[in-house]
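This briefing goes through the two bound ligands, then the annotated span and some backbone details. Please keep the sequence and the structure in view while reading.

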Amino acid sequence: RNVAQADASLKAGKWQRSKYVGVSLVGKTIAIMGFGKVGSEVARRAKGLGMDVIAHDPYAPVDRARAIGVDLVSFDDAISTADFISLHMPLTPSTTKIFNDETFAKMTKGVRLINVARGGVVDEEALLRALDNGTVAQAALDVFFEEPPPKDSKLVHHENVTVTPHLGASTTEAQEGVALEIAEAVIGALKGELAATAVNAPMVSAEVLPLPRTILLYLQHNAHSASV
Ligand SMILES: NC(=O)C1=CN([C@@H]2O[C@H](COP(=O)(O)OP(=O)(O)OC[C@H]3O[C@@H](n4cnc5c(N)ncnc54)[C@H](O)[C@@H]3O)[C@@H](O)[C@H]2O)C=CC1
Ligand SMILES: O=C(O)C(=O)COP(=O)(O)O
């Protein structure tokens with residue numbers, strides 16, 4: 001129902017019921033691009049709203065998708081059949097600007113795009129063109145190529161775009177969860193346990209590689225620095 005725009009309109013003293021007619025989700029197809037922790041939870045909720053859910057993820061296990069009634073499909077099949085496309089893949093060299101003029105051209109006219117992953121997976125200039133030519137009817141963006149985006153960003157000010165300032169993980173509960181997870185990981189690492197969630201460390205325990213922990217951490221840190 002265009003809640004954000006309708007809220008701003010009513011607060012500005014207007015009563016525009018016909019302007020803010022929305023679309024139903026029941027029976028619509030949503031493509032989840034990236035079927036990991038967030039994507040699979042979005043899929044569960046979309047199912048609950050009566051949507052048909054398809055997903056694209058080159059690495060997701062088929063049985064995990066099947067268990068919640070989701071079909072894993074190719075990138076092109078996902079974007080060309082969906083009414084809604086929700087992005088949940090990481091930003092990597094192969095996903096950078098994966099949504100561009102060429103891929104927008106394959107989408108159903110009037111598709112709605114949600115990006116709560118990373119701004120860099122979308123070519124923002126191409127998204128503006130797709131919004132202006134009606135390929136994308138509406139976009140909801142939580143993330144931007146540059147954060148914060150420039151004050152005069154045409155995307156931010158576009159009437160068919162709803163924006164939030166990178167609030168995807170911003171609930172009291174989620175932030176407590178993150179704090180606890182980090183504290184537990186640090187305690188575990190200092191005890192010499194495997195650092196299962198470290199992005200810059202090999203999964204080798206202190207027993208296997210018998211070096212003092214401080215030297216291990218130093219080596220792990222510098223291995224990462226050397227590789228970026
Ligand atoms: N807006 C926000 O505040 C937040 C944003 N994020 C973003 O959302 C992303 C997803 O988060 P999680 O689900 O926790 O990560 P995750 O690692 O559990 O899931 C990412 C999934 O994307 C898949 N993937 C990798 N390359 C792909 C490709 N080329 N095409 C399709 N799928 C691909 C992976 O196989 C994996 O299943 C994160 O990388 C992060 O950038 C995450 C949390 C909060
Ligand atoms: O966890 C993520 O990937 C997020 O995007 C959340 O953002 P933050 O870590 O709160 O800056």
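In this predicted model, an oxygen atom of ligand 2 lies 2.6 Å from an N or O atom in the side chain of H166. The residues surrounding ligand 2 are R118, H166 and A169, and R118 also has a side-chain contact with ligand 1, which makes this residue a useful point from which to read both sites.

**Ligand 2**

- Besides the H166 contact, in which the separation from a ligand oxygen is 2.6 Å, a polar side-chain atom of R118 is found 2.8 Å from an oxygen atom of ligand 2.
- On its own ligand 2 has 310 Å² of accessible area, and the protein covers 40% of that area.
- As for its location, ligand 2 sits in the largest pocket.

**Ligand 1**

- Around ligand 1 there are 21 residues, and those that come nearest are K37, V38, D57, V116 and D142.
- Sorted by class, the shell around ligand 1 consists of 10 nonpolar, 7 polar and 4 charged residues.
- Two contacts involve nitrogen atoms of the ligand: a polar backbone atom of V116 is 3.0 Å from a nitrogen atom of ligand 1, while a polar side-chain atom of D142 is 2.9 Å from a nitrogen atom of ligand 1.
- An oxygen atom of ligand 1 is 3.3 Å from a polar side-chain atom of R118, the residue whose side chain also has a polar atom 2.8 Å from an oxygen atom of ligand 2.
- Taken alone, ligand 1 exposes 860 Å², of which the protein buries 78%.
- Like ligand 2, which sits in the largest pocket, ligand 1 is placed in the largest pocket.

**Annotated span**

- An unreviewed UniProt entry lists residues 1-168 under the heading "domain: D-isomer specific 2-hydroxyacid dehydrogenase NAD-binding".
- Within the model, the span of residues 1-168 is 30% helix and 18% strand, and its end C-alpha atoms lie 21 Å apart.

**Backbone details**

- The peptide bond that joins E147 and P148 is cis, with an omega of about -5°, and P148 is located in the loop between β6 (136-141) and α7 (154-157).
- N2, a residue other than glycine, has a positive phi near 55°, and N2 is placed in the segment before α1 (3-11).

Terms used. Residues are numbered from 1 along each chain as its sequence is written. Chains are lettered from A and ligands numbered from 1 in the order in which they are written. This is a predicted model: local features need pLDDT of at least 70, side-chain atom pairs count only at pLDDT 80 or more; totals for chains, interfaces and linings use all residues. Side-chain values use heavy atoms; hydrogens and water are left out. A residue is near a molecule or strand if one of its heavy atoms lies within 4 Å of it. A polar contact is a pair of N or O atoms within 3.5 Å; within protein, one must be able to donate a hydrogen and the other to accept it, and residues adjacent in sequence count only if both atoms are side-chain atoms. Accessible areas come from the Shrake-Rupley method with a 1.4 Å probe; for residues, only the protein chains shown count as cover. On a 1 Å grid over the protein atoms alone, a cavity is a set of points where a 1.4 Å probe fits but cannot get out, and a pocket is an open set with protein on both sides within 12 Å along at least five of seven lines; lining residues have an atom within 4 Å of a point. A molecule sits in a cavity or pocket if more than half of its atoms lie within 2 Å of its grid points. Ala, Val, Leu, Ile, Met, Phe, Trp, Tyr, Cys and Pro count as nonpolar, Asp, Glu, Lys and Arg as charged, and the others, Gly among them, as polar. UniProt positions are given in the numbering used here, feature names are shortened, and annotations may be inferred rather than shown by experiment. Helices (H or I, at least four residues) and strands (E, at least two) are DSSP runs, numbered from the N terminus.
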